[in-house]
Amino acid sequence: MGLFDRLKGDDAPRVAFFGIDGVPFSLIDEHPDVFPNLTEMASDGSAGPIDSIVPPESSACWPALTTGVNPGQTGVYGFQDREVGSYDTYVPMGRDVQATRLWDRVTDDGRNATVLNVPVTFPPQRNVQRMVSGFLSPGVDKAAYPDELRDHLQDSDYRIDVNAKLGHDDDKSDFVEDAHKTLEKRYEAFKHYVEQDDWDLFFGVFMTTDRVNHFLFKDYERDGENQEAFFEFYKQVDAYLGDLRDRLPDDVTMVVASDHGFTSLDYEVHFNEWLQQEGWLDYATDDHSELGDISEDTKAYSLIPGRFYINLEGREPNGSVPESEYESVRADLKEKLESLEGPDGKKVADSVVTKEDAFRGDHDDIAPDLTVVPNHGFDLKAGFKGSEDVFGVGPRNGMHSFDNATLLVDDPDVRIEDADLYDIAPTVLDLLDHDFDRAKFDGSSLA
């Protein structure tokens, strides 16, 4: 639907979606002084915490949020996925997402979409009026379509992501400054295209929130030295969202959501080290560095975050576990994972989920056999270079959580309770008055 149609009286509703990656709902709910604009939006409309997905990792979450289906249908399970019938791994990109995105449904209906900085969308699609891909993109020059968008973003010093390496420094000042600059450029781009474009669906994501949470969240929760810097950053996030809300026409419903929650990080858990110490994982070489170095004596291995694969005969190249023993071996591993405790005596796993309970669809052939959803404080790692200890401490002090993701809708008729990430896509389609087959989604509309 173009401007001419709207001038003729076509009053189909529109939606502006703004993602705030990794922002927990409790942060907004408990600090109305930091978030006056989002607090007002919640009061005028609907707001609440929602659950994320299994696993709660951004590379899996954003394809699920933008399609309304689980990784078994999107085909994306994390930052690193495994090739079918191989130990080779790859980093999933936009072309690897096998399910239909929200903006594809909109454009197929003859309407317009502007899509800015959504993770796992590289390379940019050409069936939307403009797109700049987000996280995992190599740079603006290759991530933006059409050329006019690329030129505008380059001229305005747009940034796809913050320089996360700065967060490794003990002094977080340079990191925080870089985060503010990245946030500002994102806001300026969103403001420009919210006002310039004739869109029916505007879909933009602030990724910097996730980055700040990874390096400052414990300062926030436990009164650390960077707590004030954390709050000042989020005051700016709220100010930008409030300004964008004020700029939206009356026929637009604003939606704000995060893809997962966040919590303080106490221990990194190196699961492949644990598997090796427990006799589940063995390497063919002493200088192992990747999945392909595991030996035929291996019974199980792990990929981040908390994904476990049985080394199954006929599925893995060096499979050692006969299919007849698959269920018993998996049950044994599940029991051991459920009983694993950290140095503080707390259970590492909140739950251990089987593939049958978490994933379903045409692309579940690379689904993990088990997935650990961690308790707060345990960040799950799975490197192959070897760690001296199962439990360690890294440069980050914040980690993703399955619970406490955020959803706000500027519509009082939307019901947000017992909701999860899969409900967002059908809700947006309902708000757009877009006809769709509800049975094709893992979630349901909250509108």
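**Close-up views of a predicted model**

**View 1. Helix 10 meets helix 11.** In this predicted model, a contact joins Thr-208, Thr-209, Val-212, Asn-213, Leu-216, Phe-217, Asp-219 and Tyr-220 of helix 10 to Gln-227, Ala-229, Phe-230, Phe-231, Phe-233, Tyr-234 and Val-237 of helix 11. Sorted by class, the residues of this contact are 10 nonpolar, 4 polar and 1 charged. Helix 11 spans residues 227-247, and its axis lies 9 Å from that of helix 10, at an angle of about 145 degrees. Helix 10 and helix 11 cross in a left-handed manner.

**View 2. Helix 9 packs with helix 10.** Two packed helices are described by the angle between their axes and by the distance between those axes. For helix 9 and helix 10, the angle is about 165 degrees and the axes are 10 Å apart. Helix 9 is therefore roughly antiparallel to helix 10. Their crossing is left-handed. On the side of helix 9, the contact involves Phe-175, Val-176, Ala-179, Thr-182 and Leu-183; on the side of helix 10, Thr-208, Arg-211, Val-212, Phe-215 and Leu-216 take part. The residues in this contact comprise 7 nonpolar, 2 polar and 1 charged. Thr-208, Val-212 and Leu-216 of helix 10 appear in this contact with helix 9 and also in the contact with helix 11.

**View 3. Helix 8 packs with helix 9.** Helix 8 covers residues 147-155 and helix 9 covers residues 173-196; their axes are 11 Å apart and form an angle of about 140 degrees. The two helices, helix 8 and helix 9, are therefore oblique to each other. Helix 8 crosses helix 9 in a right-handed sense. Glu-148, Leu-149, His-152 and Leu-153 of helix 8 make the contact with Ala-189, His-192, Tyr-193 and Gln-196 of helix 9. By class, the contact of helix 8 with helix 9 consists of 4 nonpolar, 3 polar and 1 charged residues.

**View 4. A cis peptide bond leads into Pro-146.** The bond from Tyr-145 to Pro-146 is cis, and its omega is near 5 degrees. Pro-146 is located in the loop that runs between strand 7 (144-145) and helix 8. Helix 8 is the helix shown in View 3 in contact with helix 9.

**View 5. A cis peptide bond joins Ile-304 and Pro-305.** Omega for this bond is about -10 degrees. Pro-305 occupies the loop between strand 12 (300-303) and strand 13 (307-310). Ile-304, the partner of Pro-305 in this bond, is also among the residues closest to the centre of the largest pocket.

**View 6. The largest pocket holds about 590 Å³ of space.** The lining of the pocket is formed by 27 residues, of which Glu-57, Phe-79, Ile-304, Lys-381 and Arg-396 are the closest to its centre. Two or more lining residues come from each of these elements: helix 10 (208-221), strand 15 (370-374), strand 16 (378-381) and strand 18 (398-401). The lining is made up of 14 nonpolar, 6 polar and 7 charged residues. Helix 10 thus links this view to the earlier ones, as an element of the pocket lining and as a partner of helix 9 and helix 11.

**View 7. Asn-117 has a positive phi.** The phi angle of Asn-117, a residue other than glycine, is near 70 degrees. Asn-117 belongs to strand 5, which comprises residues 113-118.

Terms used:
Residues numbered from 1 in each chain as written. Predicted model: local features only at pLDDT ≥ 70, side-chain atom pairs only at ≥ 80, totals over all residues. Heavy atoms only, no water. Axes fitted to C-alpha atoms, helices over the stretch in contact; angles between N-to-C directions. Helix = DSSP H or I, 4+ residues; strand = E, 2+ residues; numbered from the N terminus. Parallel < 35°, antiparallel > 145°, perpendicular 65-115°, else oblique. Left-handed = near helix turned anticlockwise from the far one by under 90°. Contact = heavy atoms within 4.5 Å. Nonpolar A, V, L, I, M, F, W, Y, C, P; charged D, E, K, R; others polar. 1 Å grid on protein atoms, 1.4 Å probe; cavity = no way out; pocket = protein on both sides within 12 Å on 5 of 7 lines; lining within 4 Å. Points joined across faces, edges and corners; volume = space filled by probe spheres on them.
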